[in-house]
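Colleague: I should be grateful for a close look at one part of this model. Please take me through the antiparallel strands, and then through whatever else you can place around them.

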Amino acid sequence: IPIDLGPTLVLMQGEVNQETHDELVRAIQTRIGSSPTSRGIIGPVPTGENLVWSSFTHLCVGLLKNDAARLIAVRDAMNAVAKPSIGEGIKRDRSFHQHGAQLYTGGYGGSFANDVARYALIARGTAYSLPAETLASFSDYVADGIAWTLYGSYFDVSVISREVARPTTTGYNGIAALLQATQFDSLRNAEIRAAAAKMLATWNGTMPSELAGLAARVEAARYPAAWPSGHRHYFASDYTVHRRDGWFASVKMFSTRTKSGESTNDENILGSRQSDGRFYLVLRGDEYFGRNVWPVFDWTRLPGITVEQKADTASDVYG
């Protein structure tokens, strides 16, 4: 609720009853705690995308209360989370982990890329902007993590974990991250702009108003449109991608270093085999999407896996 209510109050300043405004700000503060790295009244210290969501609620409170100290705390949290981490978040190989050592580049990691890029644009030119070295590191993640696991209008299903329960929504975060990151100055500009132009050419989802201007700017610039091509192994995530013009393939495994996936909030209840050597192959990128295939999939016979055909062989519980 604070993630939606905060921006609403920022936009309604001067247009909503002051008593109501102040009461709602107090209610948000009670729930989110005193800093981005606290969790308010519940839960552990946030990490990865959870820390970014926390930072956005504190950003709104800082703006609503004209609280420079809070805005500095937001900047520092965003600066820390946008770099590779030994825990949850961006890994050294530019994959992304959340909920432990679990591959989530297109799930939590896609939302993370969208939100960090959005913060970078909001804060640029202010005292709360991200340092150039942080933007450079984050651009590496967009170029080597996000762009490499996107194809057509969708993320590879192997990098969205439990979000396979709602797979058609994940590509939006990818195109949002690419479009916003085209505005950064970095050594990866050409690759990011090429991927953004390529995804725009095949994008079949909605384009919300806050991205429409950037999309028009990218189209007008006529950047050479191209997806990444070649081979990349993500050693921190037991995941490999091989892609060429006209096709995309990946293999997903797990090991003592990583977790297979998760079933949380009653999502992905059949996904216990999704990391047992799963082979994902697409030519256009939409073969598994928009066709209502997921409800009738045989989840014990995912492409590439060689496992016992026994329902109780593996648990679908996280980890």
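Modeller: What follows treats the strands and the loop after them, and then turns to the helices and the nonpolar cores.

The model is a predicted one. Strand 5, residues 230–234, and strand 6, residues 239–244, run antiparallel and are joined by five bridges. Within this pairing, glycine 230 has arginine 243 of strand 6 as its bridge partner. The two strands make a hairpin with four residues between them, and aspartate 238, located in that turn, has a positive phi of about 55°.

Strand 6 also pairs with strand 7: six bridges join the two, and they too run antiparallel. Here arginine 244 stands opposite tryptophan 247 of strand 7. This second hairpin has two residues between its strands, and glycine 246 in the turn shows a positive phi of about 95°.

Beyond strand 7 (247–252), a loop leads to strand 8 (278–282), and asparagine 265 has its place in that loop. The phi of asparagine 265 is near 55°, a positive value in a residue other than glycine. Aspartate 266 is found in the loop between strand 7 and strand 8 as well, and the phi of aspartate 266, again positive in a residue that is not glycine, is near 60°. Asparagine 265 counts as exposed because its relative accessible area is 62%, and exposure is defined as over 50%. Aspartate 266 is likewise exposed, at 72% relative accessibility.

As for the helices, helix 1 (residues 2–11) and helix 2 (residues 18–32) have axes that come within 11 Å and cross at roughly 145°. Their crossing is left-handed. Pro2, Leu5, Gly6 and Leu9 of helix 1 meet Leu24, Val25, Ile28 and Ile32 of helix 2. By character, the residues of this contact comprise seven nonpolar, one polar and no charged.

Finally, the nonpolar cores. The largest has 72 residues, of which Phe112, Phe138, Leu178 and Leu179 touch the most other members. Helix 5, residues 108–123, gives the most to this core, contributing nine residues. Leaving aside residues up to four places away in sequence, leucine 178 touches Val142, Ala147, Leu150, Ile192, Ala195, Ala196 and Met199. There is also a second, separate core of six residues, including Leu9, Val25, Ile28 and Ile32. Those four also appear in the contact of helix 1 with helix 2, with Leu9 in helix 1 and Val25, Ile28 and Ile32 in helix 2.

Methods: Residues are numbered from 1 along each chain as its sequence is written. This is a predicted model: local features need pLDDT of at least 70, side-chain atom pairs count only at pLDDT 80 or more; totals for chains, interfaces and linings use all residues. Side-chain values use heavy atoms; hydrogens and water are left out. A nonpolar core is a set of buried Ala, Val, Leu, Ile, Met, Phe, Trp, Tyr and Cys residues joined through side-chain atoms within 4.5 Å. Buried means under 20% relative accessible area, exposed over 50%, partly exposed in between (1.4 Å probe, protein chains only). Contact means heavy atoms within 4.5 Å. Axes are lines fitted to C-alpha atoms, for helices over the stretch in contact, and angles run from 0 to 180 degrees between N-to-C directions. A crossing is left-handed if the near helix is turned anticlockwise from the far one by less than a right angle, and right-handed if clockwise. Ala, Val, Leu, Ile, Met, Phe, Trp, Tyr, Cys and Pro count as nonpolar, Asp, Glu, Lys and Arg as charged, and the others, Gly among them, as polar. Two strands pair if DSSP finds at least two bridges between them.
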